[in-house]
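Visitor: I'm new to this structure and would like a close look at a single part of it. Could you pick the hairpin and walk me through it, along with whatever surrounds it?

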Amino acid sequence: MVDDEMTEGTDNARFAFDGLDRTIHEKARLGLLTSLVSHPKGLSFVDLKRLCDLTDGNLSRHMKVLQDAGLVAMEKGYENNRPHTHCTITQEGQRQFFDYVAVLEKIVKEATEQTDASLSIDPIT
């Protein structure tokens with residue numbers, strides 16, 4: 001069934017959300033990037049694990065995806081003679097994260113405007 005308000009040729013793929021990057025959109029990776037944006041000096045692997053409630057394996061896998069995309073950097077070393085991994089968001093990661101957030105804000109704004117418009121229409125009684 002076609003919506004009566006839709007006309008042919010308008011709003012094609014309006015809700016395809018092409019601006020939502022699948023690399024970022026996955027819940028765990030979004031949480032990781034948000035954590036790193038919020039901590040510009042970076043976070044340890046252990047801190048990220050705790051903040052995002054991930055297992056070692058899940059965190060490693062998601063960080064690898066983000067690193068391969070150039071969104072994060074990981075520096076492995078030692079701290080107090082113990083292995084230590086320090087994670088930071090790259091400039092490209094920051095740019096893509098904020099572009100992603102802008103797309104989300106646009107989606108929310110459009111949905112809110114549509115909802116507000118539909119609620120303000122008086123039903124015919």
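**A close look at the hairpin**

Guide: Let's start right at the turn: strands E2 and E3 form a hairpin with two residues between them, and Asn80 in that turn has a positive phi of about 55 degrees. Keep in mind as we go that this is a predicted model.

Now the two strands themselves. E2 covers residues 72–79 and E3 covers residues 82–89, and they pair in the antiparallel sense over eight bridges. If you want a pair to find on screen, look for Val72, which stands opposite Ile89 in E3.

Back to the turn for a moment. Asn80 sits in the loop between E2 and E3, and its positive phi occurs in a residue other than glycine. With a relative accessible area of 70%, Asn80 is exposed. Asn81 is found in the loop between E2 and E3 too. Its phi is near 65 degrees, again a positive value in a residue other than glycine. Asn81 is exposed, with a relative accessible area of 76%.

Next, move along into strand E3, where you'll find Thr85. Is Thr85 buried or exposed? Its relative accessibility is 16%, so Thr85 counts as buried, the cut-off for that being under 20%. Leaving aside its neighbours within four places in sequence, Thr85 is in contact with Met74, Glu75 and Lys76, and also with Leu43, Ser44 and Phe45.

Thr88 has its place in strand E3 as well. At 22% relative accessible area, Thr88 is partly exposed. Setting aside neighbours within four places in sequence, its contacts are Leu36, Lys41, Gly42, Leu71, Val72 and Ala73. Here's a nice one to trace: Thr88 and His39 are 49 residues apart in sequence, yet their C-alpha atoms are 8.3 Å apart in space.

Some of those contact partners lead us to the helices. Phe45, a partner of Thr85, belongs to helix H3 and takes part in the contact of H3 with H4. Helix H3 (residues 45–52) and helix H4 (residues 56–68) pack with their axes 10 Å apart, at an angle of about 105 degrees. That makes H3 roughly perpendicular to H4. On the H3 side the contact is made by Phe45, Leu48 and Lys49, and on the H4 side by Asp56, Leu59, Ser60 and Met63. Sorted by type, the residues of this contact are four nonpolar, one polar and two charged.

Leu36, a partner of Thr88, points us to helix H2, where Leu36 is one of the residues that meet H4. H2 (residues 27–38) and H4 pack at an angle of about 75 degrees, with their axes 10 Å apart. That makes H2 roughly perpendicular to H4. From H2, the residues involved are Ala28, Arg29, Leu32, Leu33 and Leu36; they meet Leu59, His62, Met63, Val65 and Leu66 in H4. This contact divides into eight nonpolar residues, one polar and one charged.

Finally, zoom out to see where the hairpin fits. The protein chain has five helices and three strands, and from the N terminus on its elements run α-α-β-α-α-β-β-α. Of its 125 residues, 22% count as buried. Residues 24 or more positions apart account for 53% of the contacts in the chain with a separation of 6 or more. The accessible surface of the chain comes to about 9400 Å², with 52% of that belonging to carbon and sulfur atoms.

Technical notes:
Residues are numbered from 1 along each chain as its sequence is written. This is a predicted model: local features need pLDDT of at least 70, side-chain atom pairs count only at pLDDT 80 or more; totals for chains, interfaces and linings use all residues. Side-chain values use heavy atoms; hydrogens and water are left out. Axes are lines fitted to C-alpha atoms, for helices over the stretch in contact, and angles run from 0 to 180 degrees between N-to-C directions. Helices (H or I, at least four residues) and strands (E, at least two) are DSSP runs, numbered from the N terminus. Angles under 35 degrees count as roughly parallel, over 145 as roughly antiparallel, 65 to 115 as roughly perpendicular and the rest as oblique. Contact means heavy atoms within 4.5 Å. Ala, Val, Leu, Ile, Met, Phe, Trp, Tyr, Cys and Pro count as nonpolar, Asp, Glu, Lys and Arg as charged, and the others, Gly among them, as polar. Buried means under 20% relative accessible area, exposed over 50%, partly exposed in between (1.4 Å probe, protein chains only). Accessible areas come from the Shrake-Rupley method with a 1.4 Å probe; for residues, only the protein chains shown count as cover. Two strands pair if DSSP finds at least two bridges between them.
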